[in-house]
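Here is a short briefing for a reader new to this structure. Please keep the sequence and the model in view while reading.

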Amino acid sequence: LANYIRVIRRAYNLISNVQLSFGSLGHDHKMHYSHFLPLLCLVVSPLHLAVTALRPKPIALVTGGTRGIGSGIARVLAEDGYDLLLTYNTDKDAADEFAASLAHDIGGELRVKCVGGDISLGSTRDEIFEALDSMTEASDDGCDGRLAVLVHNAGQIVGLTSENSEGIQAKALSFGDGSLVDKEGRTDFDAMHYYRRLYGEAFVDLCERSLLRMGSSQDGGGGSIVGISSPGVNSHYYGPDWTYSMAGSGKCLMEYSMRIYAVKVAARGINVNVIVPGITKTEAWSRLGMEDGWEERLVQKRVPMKKMISPRDIGNAVKFLCSESGKLLTGL
């Protein structure tokens, strides 16, 4: 219906100001094209609707896209017309349930595919791009789309928000307080290296492989890349958070490489940015086990707007960065 109305408006705007002049008996008789509007719409609009239905839909790859912030991003992008390739860590049932809810709520021809596994592993990323290529390969009806958006959102707090973390112990580790030193006096880099693979190396690998598939705006391609970081990484309003030392070290690589990617691929019509969410209401917060009301107290203390945001708010920010208006922003 929306496409039908759009065609009618375009047709009317085009022909309402155009006239046919006929020379007859020395006089000019003018007839507006608008006289033919009903007939023209009957012919054009069904054709336009058919072409629109066959047009390849853009695909958004969202890591960690089945819960928390990722689920808000996935839902907004699906509503905006993207097919989805979503990754999850271990909870296949929850991922399938979320994908089914999207298909039910949005309807239409929405395609949602889910791939599970630890995103820090190259083998998991191999499976992700195998699934992506299966969605983008040319089919008989020509309806398969292309990768237009990459969002690297997947992450975890070791031992708290996810099950598989290579046996790394869930304990507070920080630079400078001796907590990284083992009994033999050697620095234990296991946790630091895991987070580096999870956030930094995974982001670089996802970007490199995605850029091979995005093409450029000159050939009908282009797209957007967004990383999801955290307030505890850099020095800003919140200040660097020592409790985030290990995870932050991995996300620093994401934030730094983002700026290089932004410069390198700008001419291809691809913008690259990192979003740093504020305090966001997700399941992960409830697992921290603090006393009742601590979230609200934290919001009142640290958030200038005195408001906790939702995963959908982050999704709206991603949607903007992926839009034609947002494409002018890159390297942020």
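R196 is partly exposed, because its relative accessibility is 36%, which falls between the 20% and 50% limits. The model is predicted. The side chain of R196 meets that of E201 in a salt bridge, at 3.2 Å from N to O. E201 is partly exposed too, with a relative accessible area of 31%.

**Salt bridges**

- The structure holds 11 salt bridges.
- Side chains of opposite charge can pair when their charged atoms come close.
- D105 and R75 form one such bridge through their side chains, with 3.0 Å from N to O.
- This pair links distant parts of the chain. D105 sits in helix α4 (residues 92-106) and R75 in helix α3 (residues 68-79). They are 30 residues apart.
- D105 has a relative accessible area of 48%, so D105 counts as partly exposed.
- K319 bridges to D80, and their closest N and O atoms are 4.0 Å apart.
- K319 belongs to helix α10, while D80 lies in the loop between α3 and β4 (83-88), so this salt bridge ties together parts that are 239 residues apart in sequence.
- K319 is partly exposed at 35% relative accessibility. D80 is partly exposed at 38%.
- A network of salt bridges links R125, D126, D205 and R209.

**Nonpolar cores**

- The largest nonpolar core has 39 residues. Within this core, L85, I225 and V272 touch the most other members.
- Several elements give two or more residues to this core. The strands are β3 (58-63), β6 (146-152) and β8 (270-275). The helices are α5 (122-136), α6 (190-214) and α7 (245-265).
- Helix α6 supplies the largest share of this core, with 11 residues.
- Which residues does L85 touch, leaving out those up to four places away in sequence? They are I59, A60, L61, V62, K113, V115, I128, A131, L132 and M135.
- A second core is separate and has 23 residues. Its members include I69, L86, A148 and I228.

**Cysteines**

- A disulfide is a covalent bond between the sulfur atoms of two cysteines.
- How many disulfides does the structure hold? The number is 0.
- Is C207 buried or exposed? C207 counts as buried, because its relative accessibility is 0%.
- C322 is buried as well, at 8% relative accessibility. The cut-off for buried is under 20%.

**Surface patch**

- F320, L329 and L332 make a nonpolar surface patch of about 270 Å².
- F320 is placed in helix α10 (residues 311-322).
- F320 has a relative accessibility of 39%, so F320 counts as partly exposed.

**The chain as a whole**

- The chain has 332 residues, and 39% of them are buried.
- Its secondary structure comprises 10 helices and 8 strands.
- Take the contacts between residues at least 6 apart in sequence. Of these, 71% join residues at least 24 apart.
- The chain exposes about 18,000 Å². Carbon and sulfur atoms supply 56% of this area.

Key
Residues are numbered from 1 along each chain as its sequence is written. This is a predicted model: local features need pLDDT of at least 70, side-chain atom pairs count only at pLDDT 80 or more; totals for chains, interfaces and linings use all residues. Side-chain values use heavy atoms; hydrogens and water are left out. A nonpolar core is a set of buried Ala, Val, Leu, Ile, Met, Phe, Trp, Tyr and Cys residues joined through side-chain atoms within 4.5 Å. Buried means under 20% relative accessible area, exposed over 50%, partly exposed in between (1.4 Å probe, protein chains only). Helices (H or I, at least four residues) and strands (E, at least two) are DSSP runs, numbered from the N terminus. Contact means heavy atoms within 4.5 Å. Patches are made of residues with over 30% relative accessible area and no salt bridge: like charges are joined within 9 Å, nonpolar side chains (Val, Leu, Ile, Met, Phe, Trp, Tyr) within 5 Å. Accessible areas come from the Shrake-Rupley method with a 1.4 Å probe; for residues, only the protein chains shown count as cover. A disulfide is a pair of cysteine sulfur atoms within 2.5 Å.
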